[in-house]
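Take a look at the structure shown here. The report below goes through it part by part, in short steps.

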Amino acid sequence: MEEAYIYDAVRSPRGKGKGGSLNELTAVALSAKILRQLRSRNDLNTEEVEDVIWGNVTQVGEQGGCLARSAVIAADYSETTPGLSINRFCASGLEAVNLATNQVKGSAGSAYVAGGVEMMSRVPMGSDGAAIAVDPTLAMNSYFVPQGISADILATKYGLSRDDVDAFAVESQKRAAAARKAGYFKNSIAPIKDQNHLTILEEDEYIRPETTMQSLGGLEPSFKNMGEIMPGFDAVALLKYPEFEKINHVHHAGNSSGIVDGAAAVLIGNKAFGLKNNLKPRARIVATSKIGTDPTIMLTGPLPATEKVLKISGMSIKDIDLFEVNEAFASVPISFMEHFGVEHEKVNVNGGAIAMGHPLGATGAMLLSTVLDELERTGKSTALTTLCVASGMGASTIIERV
Amino acid sequence: MCSDFTKEVDKDNIALITWNCLDKSMNTMSEGGLKAFQKLVVEALSDDEIKGIIITSGKADFSGGMDLSTLEGLKRNSGPNPASKIFEYIMEGHRLLRIIELGKIDDTYKSKPVAFAGGGICAGIGTEIGLACHRRFFSGSKRSKIGLPEILVGLFPGLGGTTRVARMMGLMGASSVLLEGKLFAGDKAKSIGLVDEVVAEHELIQKAKNWILSASPEDLIKPWDQKGFKFPGGAPYHPGGFMSFVGASALVNGKTKGLYASAKALLSSIYEGALVDFESALKIEARWFTKVLMTDTCTNMARTLFLNKSALEKGKQRPPAVEETNLKQISVIGSGMMGSGIACASIMNGLEVLLIDQNIEAAEAGKAKIETLLNESVKRKKLSEEEKTKLLGNVKTLSSLEKISGSDLVIEAVFEDLELKHSLYKKIEPYLKKNAILASNTSTLPITKLSEALQDSTRFIGIHFFSPVEKMNLVEIIKSKQSNEKSLAVALDYVGLLKKTPIVVNDSRGFYANRCIIPYINEGLRMLSEGIEPALIENSAKHVGMPVGPLQLLDELSVSLALNVAKETKEALGNEYEETGTESILLEMSQKNRLGRKELAGFYEYDDKGRRLKLWEGLRNLNGVSKPANISTETVKNRLAYVQALEAARALEENILLSVEEGDVGGILGWGCLIWAGGPFSWLDHVGHENVVAECQKLFDQYGARFSPPKVIKELAGNGRKFYN
């Protein structure tokens with residue numbers, strides 16, 4: 001079997017949602033800018049790119065119609081490079097990488113571009129509909145509740161208090177602000193410029209370094225009303241989790257991932273591709289995994305996905321130097337750390353989506369680039385990236401520097 | 001040919017189709033009836049002379065709905081694939097109503113206006129016929145009500161009612177009609193669009209005729225048959241509709257615990273139907289309706305709550321030889337909560353009541369309670385101030401017994417104490433009118449034992465009302481060994497007069513209902529003592545289909561009552577008493593002054609208004625409670641359900657309960673037992689008796705003899721039969 005390597009990873013800065021700097025860009029435009037950056041950084045002959053696998057969640061309107069192919073054409077890649085839009089909700093960006101990895105490992109082409117985009121300020125989350133939420137037979141039989149309720153179920157299950165989740169959020173902000181200030185993100189970030197080469201956005205702009213326990217303490221829990229009163233999702237949650245008397249509503253905008261715009265791309269190829277093009281592999285993709293879990297609590301996927309990827313790779317949790325566990329909601333990384341007994345010093349060391357935002361289709365690829373930069377910066381070797389996924393799924397990837 | 005429908009044509013050439021089932025007091029739709037109706041509609045629509053059609057009823061009520069036995073018959077008599085026959089039958093109904101809605105049998109004809117002119121009770125298919133018409137005229141009389149209550153008996157409107165109401169009102173608007181199954185008086189029905197005009201009953205036909213003569217072609221086109229129709233409030237994938245549909249599933253799922261297949265089918269019909277055109281939506285509705293009719297829990301629920309409940313209300317157990325009782329005045333002795341509740345129900349149904357207590361102040365206090373109850377009715381506009389005053393005038397408060405000689409029925413509702421009751425009966429008996437009946441409202445004391453104080457014990461019977469009387473519609477009538485037929489007949493006639501549902505049982509400890517409820521509560525306590533998470537106990541009870549968990553129920557009834565019952569049972573049974581091991585928890589709760597909701601502290605915590613806040617945190621630290629135990633949710637559910645259902649089966653086996661029909665109706669109305677399945681016996685049938693025996697064997701091995709399956713169930717399992725054939 002072939003090995004699959006990461007040759008490069010590039011991302012846009014994350015723009016605040018409504019009123020943010022990237023709001024003026026179309027999904028195709030931002031995608032194309034990142035694809036072009038990847039090409040120019042690596043002097044890439046795009047004829048060699050077997051496919052562009054592009055994660056994107058809300059595939060309607062400007063993000064519809066196989067955005068991947070549109071982006072490839074807009075970026076002026078070789079006509080022979082097709083494009084594949086994929087949707088694994090929050091893990092789409094990582095799943096794109098994983099799909100590309102396994103294509104390469106299976107010798108179906110020597111190089112892929114994988115990543116994704118989400119313009120959440122332009123194409124609202126949920127505007128593509130979702131049968132699992134709205135089709136009564138499916139919703140009732142699968143005990144559907146919205147993700148925020150799931151996050152609160154998870155907090156209830158792990159006995160997390162409001163202080164626990166808020167403290168995690170404050171730390172995420174602190175780490176992200178420090179990393180941005182120290183320039184740790186610079187290697188991967190492609191500043192976004194307009195057609196006149198005027199800068200639109202250079203750095204992540206969602207971070208709020210001033211966040212404190214006090215400032216978060218003033219926020220009302222976001223999912224309490226829909227849980228307890230109308231329409232009463234908690235009653236549905238209890239059907240699945242009857243051991244709880246009630247759901248503890250602790251999540252709010254300040255300890256959940258932010259709604260932002262962004263795109264990211266990773267260049268993946270086999271050994272021969274690097275030799276031929278004189279590119280140096282930055283990391284080997286050791287193993288990938290994906291899994292389905294209970295759709296009601298929905299966000300526990302990182303646990304079995306991680307167990308699975310460790311098993312595939314023959315590694316143990318102790319073999320991993322750094323973890324990126326997507327901060328969809330604070331209860332997700334906290335439950336991950338509790339479950340595996342991993343200390344916070346190894347997890348999301350430069351902050352996460354609570355501080356920087358979670359551009360759904362792009363995040364997985366962004367986390368991978370962030371953690372790869374950090375491995376290189378600190379001279380460490382292995383990293384595991386994992387994300388929880390809507391409707392009860394999870395995805396994981398282990399990389400190792402070469 | 002069935003003569004349920006007739007047609008006459010007036011001088012203006014308007015055809016009047018009248019529904020009048022001569023052999024029934026209420027119009028219900030049968031297979032033959034639908035054919036007859038279809039024939040007359042087609043005739044009128046294909047007659048060029050006819051200007052329009054009015055559909056009305058020859059009775060005071062338009063219709064009670066579908067004849068459920070028709071559907072059952074259809075299912076039974078349609079060979080190896082009943083679903084196909086049922087589906088075809090429903091589609092035939094859809095085609096008929098669609099012809100009415102289009103006003104023509106096909107495009108070679110011009111559309112004719114069709115008006116609905118009805119009053120009285122109009123439910124189910126009666127309403128669905130109306131919905132297909134172009135204009136609905138409904139009586140404004142006080143007793144006239146229209147709606148689609150199918151969901152309340154385990155079904156949903158399956159002849160276009162679901163599809164039409166959803167398209168008329170949108171999901172949110174339709175929910176009170178379809179999901180809550182409410183019946184609406186004329187004005188309210190008009191305001192939500194269920195009817196178009198509310199008129200005096202005697203003007204119904206004339207107004208309908210006037211409208212037919214003036215109707216324009218546009219009046220005959222339903223919104224969904226026009227170009228550009230939009231689903232009101234938004235279809236599922238429109239921004240407006242999306243959250244409503246998401247919310248509806250969650251709301252229904254949470255409220256019904258996912259147990260009611262009919263609620264799921266109803267919502268799915270609306271959702272799937274909203275995504276397609278009208279004709280496809282009807283087909284979708286028909287497929288789901290067929291599915292519901294093929295689902296045993298749905299039809300069992302309908303059987304219990306529709307067929308068997310009404311049979312009991314119509315006097316199924318009444319001894320036919322005894323002539324009709326003509327009750328005018330009754331006496332109620334004891335004016336506490338139960339006594340005043342019984343008195344109140346009695347005056348509200350036209351009786352005079354002598355309300356008697358030890359002193360006049362107590363009796364007056366009882367009357368004040370009645371006034372409070374009546375005030376509630378005034379507040380809900382069910383009663384005027386005037387009517388209330390008049391009704392209260394029918395209660396006479398007394399502190400002596402002489403006057404009871406004018407009553408045909410005397411009901412005792414004093415404190416549950418055998419000696420007290422015995423001495424009271426001795427005082428009552430001399431004053432009793434010849435042929436009058438004495439009844440006790442006891443909920444625990446054996447009736448035969450009570451009757452020992454009387455010279456003539458044949459005229460004594462138990463009439464066990466449930467608390468609170470104004471809300472609980474079940475009445476358990478308990479025959480002692482001596483009760484005569486006359487006593488039973490009077491008790492049944494009285495319950496009938498109160499519009500409540502009777503079941504008749506033989507005498508034994510706890511009769512039927514309490515006999516089953518007490519093990520349910522005890523099982524909850526046992527689980528608590530085993531260290532099972534209290535929330536898991538309470539939630540599992542609700543999730544298996546009980547209205548309240550055992551610990552909550554205990555808080556409602558009060559710990560002292562439970563201790564009392566345990567003590568009495570112990571005294572009465574002596575050596576035969578089986579220790580449940582739960583008394584220690586009750587005693588501990590009592591010592592800690594956590595006696596229940598009335599005291600604002602029990603298994604739950606309460607605020608100062610008595611609102612339940614949460615389970616008491618001290619429960620896990622009680623001496624009688626073991627360390628946290630691991631148990632599957634399934635086992636918790638099974639224990640809570642089987643402990644009641646097996647007790648019900650034992651009551652049947654011991655001939656305390658006289659029929660499974662009464663066991664199911666009583667179970668549902670008495671303590672909300674497994675409503676979704678049609679009651680405890682229907683539930684056992686649904687599980688299947690072989691499975692029941694296997695599961696009970698497991699529970700028996702682990703938890704003891706209370707789970708040993710009764711012989712009657714083993715026999716059913718052995719020969720592969722069910723309680724209901």
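## Chain B as a whole

In chain B, 71% of the contacts with a separation of 6 or more are between residues 24 or more positions apart. This is a predicted model. Chain B holds 27 helices and 21 strands. Half-way figures help here: buried residues make up 50% of its 725 residues.

How far does the C-alpha trace of chain B span along its principal axes? It spans about 85 × 60 × 55 Å. The radius of gyration of chain B is 28 Å. A compact globule with 725 residues would have a value near 27 Å, so the two agree.

## Chain A as a whole

Chain A has 15 helices and 12 strands. Its radius of gyration is 20 Å, and the globule rule gives 21 Å for 402 residues. The two values are close, so chain A is as compact as a globular protein of that length.

Along the principal axes, the C-alpha atoms of chain A fill a box of roughly 60 × 45 × 45 Å. Of the 402 residues in chain A, 61% are buried. Now take the contacts in chain A between residues at least 6 apart in sequence. Of these, 83% join residues at least 24 apart.

## Where the chains meet

How many residues does each chain bring to the contact? Chain A brings 21 residues and chain B brings 26 residues. On the side of chain B that touches chain A, four elements supply at least two residues each: helix 8 (239–256), helix 9 (261–274), helix 19 (534–544) and strand 21 (612–615). Helix 8 of chain B gives the most, with 9 residues.

What is this side of chain B made of, by class? There are 12 nonpolar, 10 polar and 4 charged residues.

## Domains of chain B

Chain B is divided into three parts: domain 1 (5–294), domain 2 (329–508) and domain 3 (514–718). The centres of domain 2 and domain 3 of chain B, taken over C-alpha atoms, are 30 Å apart. Their contact takes 12 residues from domain 2 and 12 residues from domain 3.

Look at the side of domain 2 of chain B that touches domain 3. Strand 18 (474–479) and strand 19 (501–506) of chain B are the elements that give two or more residues to this side. Strand 19 of chain B has the largest share, 5 residues. By class, this side of domain 2 has 5 nonpolar, 6 polar and 1 charged residues.

## An open sheet in chain B

Strand 19 of chain B also belongs to an open sheet of 8 strands. The order is 14-13-12-15-16-17-18-19, and the pairing is mixed. Strand 14 (395–398) and strand 19 of chain B stand at the edges. Each has a single partner strand, so one side of each is left without a neighbour in the sheet. From one strand to the next, the twist averages 25°.

Inside this order, strand 15 (residues 409–412) and strand 16 (residues 437–440) of chain B pair in the parallel sense over 4 bridges. Glu412(B) has Ser440(B) in strand 16 as its bridge partner.

## A hairpin in chain B

Strand 1 (residues 5–9) and strand 2 (residues 14–19) of chain B pair in the antiparallel sense over 5 bridges. Phe5(B) stands opposite Trp19(B) in strand 2. The two strands form a hairpin with 4 residues between them. In the turn, Asn13(B) has a positive phi of about 65°.

Notes
Residues numbered from 1 in each chain as written. Chains lettered and ligands numbered in written order. Predicted model: local features only at pLDDT ≥ 70, side-chain atom pairs only at ≥ 80, totals over all residues. Contact = placed C-beta atoms within 7 Å. Nonpolar A, V, L, I, M, F, W, Y, C, P; charged D, E, K, R; others polar. Domains from an automatic or database assignment. Pairing = 2+ DSSP bridges. Axes fitted to C-alpha atoms, helices over the stretch in contact; angles between N-to-C directions. Rg over C-alpha atoms; globule rule 2.2 N^0.38 Å. Buried ≥ 20, exposed ≤ 12 C-beta atoms within 10 Å, placed from the backbone.
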